[in-house]
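I opened the notebook to record what I could look up in this structure, starting with one loop and working outward to helices and chains.

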Amino acid sequence: MKIDRRRAFIATVLLATAASSAIPIFVDGWWLDLGMPGRFALAAACWVSVLVGLIARDRRPGNPIGMWLTISGLCAPLAYLTGAESPLLIVISALVFCVAAGTGAAVSISFPTGRLDGKAPTAIAAVVVTCLVYRTRQVLFFDPVKSVPGWTHPNPLFVAPDPTYLNVFDFVYGVFGVAFLAVFGFWLARRWRRLSGPARLSIAPVLAGALVFVATSLVQVGAGIAGVHGSALDAVLFGHTLSFCAVPLGFLAGLLRVKIARSAIADLVVELGETPEPAQLRRALATALGDPSLAVVLWSAEEASFVDAGGARVTSLDDAAGARAVTLLERDGKPLAAILHDPALLDDPGLVASVATAVRLTVENDRLQAAVRAQLAEVRASRTRIVEATDAERRRVERDIHDGAQQRLVALSLAIGRARGQLAPTADPELEATLAQASVEVRAALTELRELARGIHPAILSEAGLEPAIRSLVDRAAVPTELKAEVPHRLPAPVEATAYFVVSEALANVGKHARADSACVTVAVEGDSLVVEISDDGCGDADPGRGTGLRGLRDRVEAVGGTLETISPAGSGTTIRASLPVTGGTAK
Amino acid sequence: MSTVLIVDDHASFRLQARALLEAQGHVVMGEAVDGFSAIELARSLRPEIVLLDIGLPDLDGFEVARQLATAEGSPIVVLTSSREAATYGSRLASSTIAGFIAKEELSGPALATLVARGPQSPGPRP
């Protein structure tokens, strides 16, 4: 329903514009003929004003500027029907001229807010009255038949004036007109000069347009006083008519510049990367908006206060802001950040929203990243703790086996040895054989128990150190293996255990899968890391993603903050390389 | 035959070792359950041989051997353990140790052989 009404409105306006813009082209209406280029310029100005007005109304429905632009555009051609034959049309044209001038002035004066406060209503009234006086003089005292070459329709409202008074009036009024335009131009220029950063984007083009219009108006009034005629007058009229487009085009340029600034701000967040520093963000925003005074303060939950870029507390935002405006950003009702900026930025709510979005994204991103980092650190720490706890548990089990079952079996073995010694020489040989078997069995049990205990935790690692422990692995390897080990001192227990398990698992893989003829193990301290490398000359093609062996190894290595690389091209052997940080000994 | 001090925190081992060694002609002068009492007993009893377990509750066997070696007329130290010699790597090559014998290998003759070979015995395999 709403959309239909909007469409109907737009269609009506466009039809009216088509009709209105046809007038200067098809109707000889003015005492001062514009010439064909001037007539087309008037039609074009009509369309530009109406269309830009519709765009403006669409962008900011609550702002009257769009409506004013549309009205002034629609009125402009009608305002030039001074040469009609009907007296009523002439009067209407004069009034419409005042409306077009008044709305045009309102746009230039109140842009961009559309608010008519302060001296604005007086200024607009002055424009309207000036135009009214000018047109009244034209309607009553102008004789086109005498003044315009080739014009045949007499002015139906013509009143023959006393030429002396008329000349004096025209001179005084011309001077007044020039002064009035000069004051308006001066006011526009001053306003332009005072524009600060972000406001320049949208307001400057409109002011420039209005200045162009004032300049061509001055030329036209000057030409009238000087009595310019012929093709020079045609050129002046053409230029003046064309300058009606200047304000709406300026408005359009402003919209585009703001749009560009907004997308520049959107790009900023991307350009600045994942976590721009607040200072970096501030600089980028200040540059994009042309507002060097822009500052961003962030809310600190710990301080329960805003803090500035230097980390200092900001007790009062208003004091910190000074002449600047404050835009507060909140999330779930809690403060997130505040932007201190040129108040002119507030004239463009869209731009404020863009800046706010950029800051919010950055701050939120920063917080999320901090939260993820904290979580990751916690997960890493807990993984390290789990590995350490598991290692401790394995050591305990190994010791329990050593102190318990193993000691019992040792005692049993010794007892059997004693029993064999106690046998009389005449004893039953079968008994002797049975005891010998028992001795063999108990030793086998001891050996198996040792193997089991070593699998749980290699006592050699804590008793003798990493190098002998790895040497014992190399000695038991399934293929001939060379060892190059240089570990000058003891390392943190988790690092030694991890290095041991890497070699143990890798050598087991060599035996099981690699179909290798030989292997090589290198252990060395390089800088702050213990580097363990196991390479073979087998079939390669080991997939770190498949199976639990390499995956589990990687988990263990990463638990101590290290990295594990697997280089295994098909047919060219496998190299597994673990780098374990030695300093601290635990995960980051 | 020799006089022996047995040092081990496991009673079952001390019992079996004493019986075995005594049956095979050695004289077991005493038993100690930890490192400090071993050093004390070695001083007072002056045994020729100390059969010393490596894993003790206070000092480990290597440290006890080192301290015993500093005393005058120090005994011959034979380390023992229920773990394999390889577990201890090059630490067994110390000059204060006459040798290492796995617990289940213990016998009077084995001990006598080690002692006869004297200190600086070759360590375990590299």
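**Entry 1, a loop residue in chain B.** I began with R46(B), which I found in the loop between α2 (35-45) and β3 (49-53) of chain B. I noted at the outset that I am working from a predicted model, and every value below is computed from it. The phi of R46(B) is near 50°, and I marked this down since the value is positive and the residue is not a glycine. For context, I wrote beside it that most residues other than glycine have a negative phi. Is R46(B) buried or exposed? I counted 14 other C-beta atoms within 10 Å of R46(B), so I entered this residue as partly exposed, given that buried requires 20 or more and exposed 12 or fewer.

**Entry 2, where the chains touch.** I then looked at the contact between the chains, where 22 residues of chain B are in contact with 23 residues of chain A. On the chain B side, I sorted the touching residues into eight nonpolar, nine polar and five charged.

**Entry 3, chain A as a whole.** Turning to chain A, I listed 18 helices and 10 strands. Of its 588 residues, buried ones make up 36%. I also looked at contacts in chain A between residues at least 6 apart in sequence, and I found that 66% of these join residues at least 24 apart.

**Entry 4, helix α14 of chain A.** How does the span of helix α14 (residues 429-456) of chain A compare with what its 28 residues should give, and what is the answer at 1.5 Å a residue? I noted an expected span of 40 Å, while the end C-alpha atoms of the helix are 41 Å apart, which agrees. Within α14(A), I recorded V442(A), L446(A), A453(A) and R454(A) as buried, and what covers these buried residues includes α13 (349-422) of chain A.

**Entry 5, the pairing of α16 and α17 in chain A.** Last, I looked up how helix α16 (residues 466-475) and helix α17 (residues 493-514) of chain A pack, and I noted an angle of about 10° with axes 10 Å apart. Because angles under 35 degrees count as roughly parallel, I entered α16(A) as roughly parallel to α17(A). Their crossing is right-handed. From α16(A), the residues L466(A), A469(A), I470(A) and L473(A) meet E496(A), A499(A), Y500(A), V503(A), S504(A) and L507(A) in α17(A). I sorted the residues of this contact into eight nonpolar, one polar and one charged.

Note on methods:
Residues are numbered from 1 along each chain as its sequence is written. Chains are lettered from A and ligands numbered from 1 in the order in which they are written. This is a predicted model: local features need pLDDT of at least 70, side-chain atom pairs count only at pLDDT 80 or more; totals for chains, interfaces and linings use all residues. Two residues are in contact if their C-beta atoms, placed from the backbone, lie within 7 Å. Ala, Val, Leu, Ile, Met, Phe, Trp, Tyr, Cys and Pro count as nonpolar, Asp, Glu, Lys and Arg as charged, and the others, Gly among them, as polar. Axes are lines fitted to C-alpha atoms, for helices over the stretch in contact, and angles run from 0 to 180 degrees between N-to-C directions. Helices (H or I, at least four residues) and strands (E, at least two) are DSSP runs, numbered from the N terminus. Angles under 35 degrees count as roughly parallel, over 145 as roughly antiparallel, 65 to 115 as roughly perpendicular and the rest as oblique. A crossing is left-handed if the near helix is turned anticlockwise from the far one by less than a right angle, and right-handed if clockwise. The expected span of a helix is 1.5 Å times one less than its number of residues.
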